[in-house]
Amino acid sequence: MQRIGVFVCHCGTNIAATVDVKKVVELVRFEPGVVFADDYMYMCSEAGQEKIIAAIKEHDLTGLVICSCSPRMHEKTFRACAEKAGLNPYMVEVANIREQCSWIHKDREEATEKAVILARAAIAKVNLNTPLQEGESPVTKRALIIGGGIAGIQTALDIADAGYEVDIVEREPSIGGRMSQFDKTFPTLDCASCILTPKMVEVNQHPNITLYTYSEVEGVSGYVGNFDVKIRKKARSVDMSACTGCGECQAKCPLGKMGKIPSEFDRGLRTRPAIYMPFAQAVPAVPVIDRENCTYFKTGKCGVCAKICPSKAVNYEQEDEIVTVKYGAIVVATGFDIINLDKFGEYAYNESPDVITSIELERLMNASGPTGGHLERMSDHKQPKDIVFIQCVGSRCDDEKGKPYCSKVCCMYTAKHAMLIKDHWPDTNITVFYIDVRTPGKNFDEFYRRAVEQYHVNYVKGQVGKVIPQPDGSLLVQGVDLLDNKQIMKKTDMVVLAAAVEPNKGVRKIATMLTASIDNNDFLTEAHAKLRPVESPTAGIFLSGMAQGPKDIPETVSQAGAAAVKVVGLLAKDKLKTNPCTAKCDPMFCNGCSTCANVCPYGAITYEDQQVRGPGVNETRRVAVVNNALCQGCGACTSACPSGAMDLQGFSNRQITTEVDSICR
Amino acid sequence: MTKQEIEKKVELIKEISGCDPYKCMKCGKCSGSCPAFNEMDVKPHQFASYIVNGDIESLVSSKSLWKCLTCLACIERCPRSVQPGKLIDAARQLVERERGGDYLHAEDIPELLDDDVPQQLLVSAYRRYRR
């Protein structure tokens, strides 16, 4: 028989305001196995823990039930506390009487009754608890970063500088991500390339960093400290070691002059050849052949690039290569894109080439962009004299057309665009239609005010209802000035839409492979919104950049550093403690049917022939064996097992039915 | 109108329109779309706040009630599913539904006649509920 101590926490007034804590103590005192019960204002505090330790020693306790907040919050605390007093940490159970009781009930009597029932279930379970020993697993001292934008680059650099090996997997032919498309960055207006390119080069040259560009993660298995990741290196059709990046092939590709393939990097504002580097400063400076468009791959004729390549680097025979690498930690830095604007027909984005998105404007203003940095209308190549910016296109939407969140970066980049245009062409008339101007951040509001006060950008509180392309090539904008309570009908030359951001398309697939959770908007979820913002709830998975939520470059870089520290903290350990609550097979009942192995998401179950001896049985047969290092204790096998041979340690079938019984008593 | 009457009407408008005026973020896309904007006294982006603030009386007596063309532009474009066009339509229905009950019948007038009631009021009552 166990000797159980029950400790009921007030949690200030969090629990005590709705649950009669004293009454709970009095009622649980008579439960089977309970030899001691007490309450305290804050059980997790130093004093509270000392109370627990003293009681364990004084009453010779063999099991503890803590009635407090969710075990997600303080189970670790109380287990460590029990261990200090010489008790096996797995003899502690937490009854959640805060999140699942006091916070959700209003009636004191009902809440108290429920708290007693929850405590009773935990007591019944502890009566069947057995001491469990944590195992150990080694840590592979190498990290994987998925995504080579500024978030991935900064995370990789910080981890590599700390002395650990890092691999970056990037889907595109070059690292650099979204930031490499930008012209200038707010609030200091540094040129994006000037601050990004050195980092890209550093990544490329860092002895601890390996780049897998034009590559994708295909599969992930394993667990924290020991991930096995399959990476597909798509065939570049160019030998990386031979290519000197001279660019001859790009210049001579016949498709380049035909102007049929839109450049992804320039958002379709110009075309590219079939063999290409996305941009001049690409890292690595090695082109790829876009096999879908290349004449050689389509018809077998052409081969110009191979013929003219001075270093004979073009190789049409190259095949996709799959490598499997071991990692201790994985960082998701898959970034963002802007939403598709097809559903916003009122803004005429698909009708007029002079209605553009902000990223397209970045390309139009970039010195290395399609117009060499000269702002012009895509329809007639004339410089616009009047420009209208429309904010919140698809952000803060309640319907399925857009996104419910604020994209966070648009207010600032619009102010930036307006000022840069005014700087170059001061006689340009600029109007910004806004709902709210949101500029929290260091030197952010000052930046926006400068656009108004110094550059005389016309900010209009109100939204545009419709953009109507006119026969003379101009655009008629119908909007409202809410402060003036007047409708505005205004002719303009160019309309720039601040389209909402969204996580990059591939993130859902990657999150599934990693079993990392994502929210309704496909942003990766953090383990705790406030206290663990760069970790996924899945151990060993970390988050960096826009993949976790809208953020600007300064914030992304800070978060990248934070994620790197967490990764380094993990890789610095030689061994990790493993969860002892793993599945266990009783060979006596196992008939080797393979049901458990089929449902196991971690590949932790194998079969072997074992000598099974018992009453009336003595034979060699095929039974299931669980690899404790791989098992995550999800319990899928225990519910699938038809013969009841599979059981989860710490959550055995008996323990759970006893809990249910005691609740229904 | 008493507080209860106002609350009842607010609920009725919500029920008829199927829209929640509290969702409005005052972006003004409705007013930026409305072809009848210049004819209206209460502008489309104000409909929601009139309802939220319980000023149903001003809303139902506004010119806007009858100036709305029901073109559905604001309904189509509202990013918050407040759909001012549906709100004003609900307000219009409220008036229409009450018409029968409120109608002033000529034969009832002698009974209502009171020396303290100005003649003008009676005339305006006729006008107001005239078809």
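**Exercise 1: the domains of chain A**

Which stretches of chain A does the domain assignment give to each domain?

*Solution.* Keep in mind that this is a predicted model. Step one: go through the assignment in order. It gives domain 1 as 4-126, domain 2 as 142-234 + 320-335 + 504-571, domain 3 as 248-308, domain 4 as 338-502 and domain 5 as 583-648. Step two: pick domains 3 and 4 of chain A, whose C-alpha centres lie 32 Å apart. Step three: look at who touches whom. Domain 3 of chain A brings six residues to the contact, and domain 4 of chain A brings eight residues. On the domain 3 side, you'll find three nonpolar, no polar and three charged residues.

**Exercise 2: a sheet in chain A**

Work out the strand order of the open five-stranded sheet in chain A, and find its edges.

*Solution.* Start with the order: β18-β25-β19-β20-β21 of chain A, with parallel pairing. Next, look for strands that pair on one side only; these are β18 (355-357) and β21 (458-461) of chain A. Now zoom in on one pair. β18(A) and β25 (residues 494-499) of chain A run parallel and share three bridges, and A:V355 has A:V495 in β25(A) as its bridge partner. Finally, add the helices. Helix α12 (residues 358-365) of chain A lies across β18 and β25 of chain A, at about 90° to β18(A). Helix α13 (residues 410-424) of chain A also packs on the sheet, where it touches β19 (386-393), β20 (429-434) and β25 of chain A. The direction of α13 makes about 170° with that of β19(A).

**Exercise 3: into the core**

Which residues touch the most other members of the largest nonpolar core?

*Solution.* This core has 130 residues, and the ones to name are A:A143, A:V331, A:V332, A:Y347, A:V495 and A:L497. Take A:V332 as your example and skip its neighbours within four places in sequence: A:V332 is then in contact with A:I146, A:I510, A:A516, A:L524, A:I541, A:L543 and A:A547. Apart from the largest core lies another one, of 45 residues, including A:V34 and A:Y90.

**Exercise 4: odd backbone spots**

Find the cis peptide bonds at A:P187 and A:P284, then decide why A:K312 counts as exposed.

*Solution.* First, the background: most residues other than glycine have a negative phi, and most peptide bonds are trans. One cis bond joins A:F186 and A:P187, with omega about 0°, and A:P187 sits in the loop between β8 (184-185) and β9 (190-191) of chain A. Another cis bond joins A:V283 and A:P284; A:P284 is in the loop between β13 (275-276) and β14 (288-289) of chain A.

Now for A:K312, which isn't a glycine but has a positive phi of about 50°. Count its C-beta neighbours inside 10 Å: there are 11, so A:K312 counts as exposed, given that the cut-off is 12 or fewer. Repeat this for B:K26, also not a glycine, with a positive phi of about 55°. B:K26 has 18 such neighbours, so it counts as partly exposed.

**Exercise 5: a helix in chain B**

Is helix α2 (residues 44-52) of chain B mostly covered or mostly uncovered?

*Solution.* Count the buried residues: seven of nine, so by the cut-off of 20 or more neighbours the helix is mostly covered. They are B:P44, B:H45, B:Q46, B:F47, B:A48, B:Y50 and B:I51. After α2(B) comes B:G54, with a positive phi near 75°.

Key
Residues are numbered from 1 along each chain as its sequence is written. Chains are lettered from A and ligands numbered from 1 in the order in which they are written. This is a predicted model: local features need pLDDT of at least 70, side-chain atom pairs count only at pLDDT 80 or more; totals for chains, interfaces and linings use all residues. A nonpolar core is a set of buried Ala, Val, Leu, Ile, Met, Phe, Trp, Tyr and Cys residues joined through C-beta atoms within 7 Å. Two residues are in contact if their C-beta atoms, placed from the backbone, lie within 7 Å. Two strands pair if DSSP finds at least two bridges between them. Helices (H or I, at least four residues) and strands (E, at least two) are DSSP runs, numbered from the N terminus. Axes are lines fitted to C-alpha atoms, for helices over the stretch in contact, and angles run from 0 to 180 degrees between N-to-C directions. Domain bounds come from an automatic or database domain assignment. Ala, Val, Leu, Ile, Met, Phe, Trp, Tyr, Cys and Pro count as nonpolar, Asp, Glu, Lys and Arg as charged, and the others, Gly among them, as polar.
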